[in-house]
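Here are my notes on the structure you asked me to look over. I've kept them as numbered points so you can follow along with the viewer open.

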Amino acid sequence: MSPGLAAAVLVAPVVALVVLALRPGGLAAIGRIRVHGFVWVLVAAAVQALRTADPAWASSFLHAAGGAVPALVLGACAVGFVLANTRGRPRAAVLAAAVAGLGAVLNAAATAINGGMPFSVAAARTAGIDAASIADPTPGHVPIDAATRLVAFADVVPVPGLHLVFSVGDVLLWAGLAACLVVVALRRPADVVAPPADSGPELPGVAGVHHSTALTSPDAPSAVARSTA
Amino acid sequence: MSTRPSRTRVVATLGSLATVALAVYAFAAPYTKTN
């Protein structure tokens, strides 16, 4: 893995941890971070690794429909991952997860429609990527040309120090995931316990949270324990 | 009562952070040099 890709992979969790660490009680809140949908991520990561390696035995899958099939699989996995992380979550976390999912879908759409993720040759030069890597790009990427569609969602933003070119979708993905982690961590355990049976209609913003235990701190007493204390 | 986080909780948190990192690898598609 190149330093640029390593930095890209770590940016969301590191930003979330820094934001939490700077808040009062944030370090304790880090222990409440919970993310679901690991299987969706695992399948997508396997497809992404396959795209990058581009082995001959997987050619029929990787290049099916002009390379659109693996991109569509990635998009479907992104939707599954987002849905797995919206059940029982506060509204802000759902919104953040949706932003992350939108970023992933934009990346998948640009990749599917162009047979590979388009990248700006000029941006790649600005990022300091050598001419050989531009002329013979990583499998799964194609240079932008006159026939490229959805250019606005392609890799067009250079980061010179990291030899990296990223897209609008990447930014949405990073920001959405980091925000989702922060919101989930700062959610107080008291916010997700079951309301009393006679408490009337649910308040806006808490609908659906009372069936989930995913966000409840393992160290917190149960609703029953609290009501009988 | 001890305020030290349990091992299960630490593992769950680290696993969640690793899942997010893996999600970025899987769903983001930044272009980097090949070598």
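1. Starting with chain B: it has one helix and one strand. Of its 35 residues, 46% are buried. Keep in mind that this is a predicted model.

2. How does chain B meet chain A? On the B side, 25 residues are in contact with 45 residues of chain A. Two elements of chain B, α1 (7–27) and β1, each give two or more residues to that side. The largest share comes from α1(B), with 15 residues. By class, the residues on the side of chain B that touches chain A come out as 15 nonpolar, eight polar and two charged.

3. The sheet is worth a look, since both chains go into it. Three strands make an open sheet, ordered β3(A)-β4(A)-β1(B), and the pairing is antiparallel. At the edges sit β3 (157–159) of chain A and β1 (31–32) of chain B, each of which pairs on one side only.

4. Zoom in on where the chains join within that sheet. Strand β4 of chain A, residues 164–166, is linked to β1(B) by two bridges, and these strands run antiparallel. If you want a pair to click on, try Leu164(A), which stands opposite Thr32(B) in β1(B).

5. Next, Pro30(B), in the loop between α1 and β1 of chain B. Is Pro30(B) buried or exposed? Pro30(B) has 27 other C-beta atoms within 10 Å, and 20 or more count as buried, so Pro30(B) is buried. Setting aside neighbours within four places in sequence, its contacts are Gly4(A), Leu5(A), Ala8(A), Asp155(A), Leu164(A), Val165(A), Phe166(A) and Asp170(A). Among them is Leu164(A), the residue opposite Thr32(B).

6. Helix α1 of chain A, residues 3–21, lies across β3 and β4 of chain A together with β1 of chain B. Relative to β4(A), this helix runs at about 40°.

7. α1(A) also meets the helix of chain B. The axes of α1(A) and α1(B) come within 8 Å and cross at roughly 140°. An angle over 145 degrees would count as roughly antiparallel, so α1(A) and α1(B) are oblique to each other. The crossing of α1(A) past α1(B) is right-handed.

8. Which residues make that contact? From α1(A) you have Ala8(A), Val9(A), Leu10(A), Ala12(A) and Pro13(A), and they meet Leu17(B), Val20(B), Ala21(B), Val24(B) and Tyr25(B) of α1(B). By class, that is 10 nonpolar residues, with no polar and no charged ones. Ala8(A) is also one of the contacts of Pro30(B).

9. Last, a helix pair within chain A. Helices α5 (residues 68–84) and α6 (residues 91–114) of chain A have axes that come within 8 Å and cross at roughly 175°. α5(A) and α6(A) are therefore roughly antiparallel to each other. Residues in the contact include Ala71(A), Gly75(A), Ala78(A) and Val82(A) of α5(A), along with Ala97(A), Gly101(A), Ala104(A) and Ala108(A) of α6(A). The contact of α5(A) with α6(A) divides into 14 nonpolar, three polar and no charged residues.

Definitions and conventions: Residues numbered from 1 in each chain as written. Chains lettered and ligands numbered in written order. Predicted model: local features only at pLDDT ≥ 70, side-chain atom pairs only at ≥ 80, totals over all residues. Pairing = 2+ DSSP bridges. Helix = DSSP H or I, 4+ residues; strand = E, 2+ residues; numbered from the N terminus. Contact = placed C-beta atoms within 7 Å. Axes fitted to C-alpha atoms, helices over the stretch in contact; angles between N-to-C directions. Nonpolar A, V, L, I, M, F, W, Y, C, P; charged D, E, K, R; others polar. Parallel < 35°, antiparallel > 145°, perpendicular 65-115°, else oblique. Buried ≥ 20, exposed ≤ 12 C-beta atoms within 10 Å, placed from the backbone. Left-handed = near helix turned anticlockwise from the far one by under 90°.
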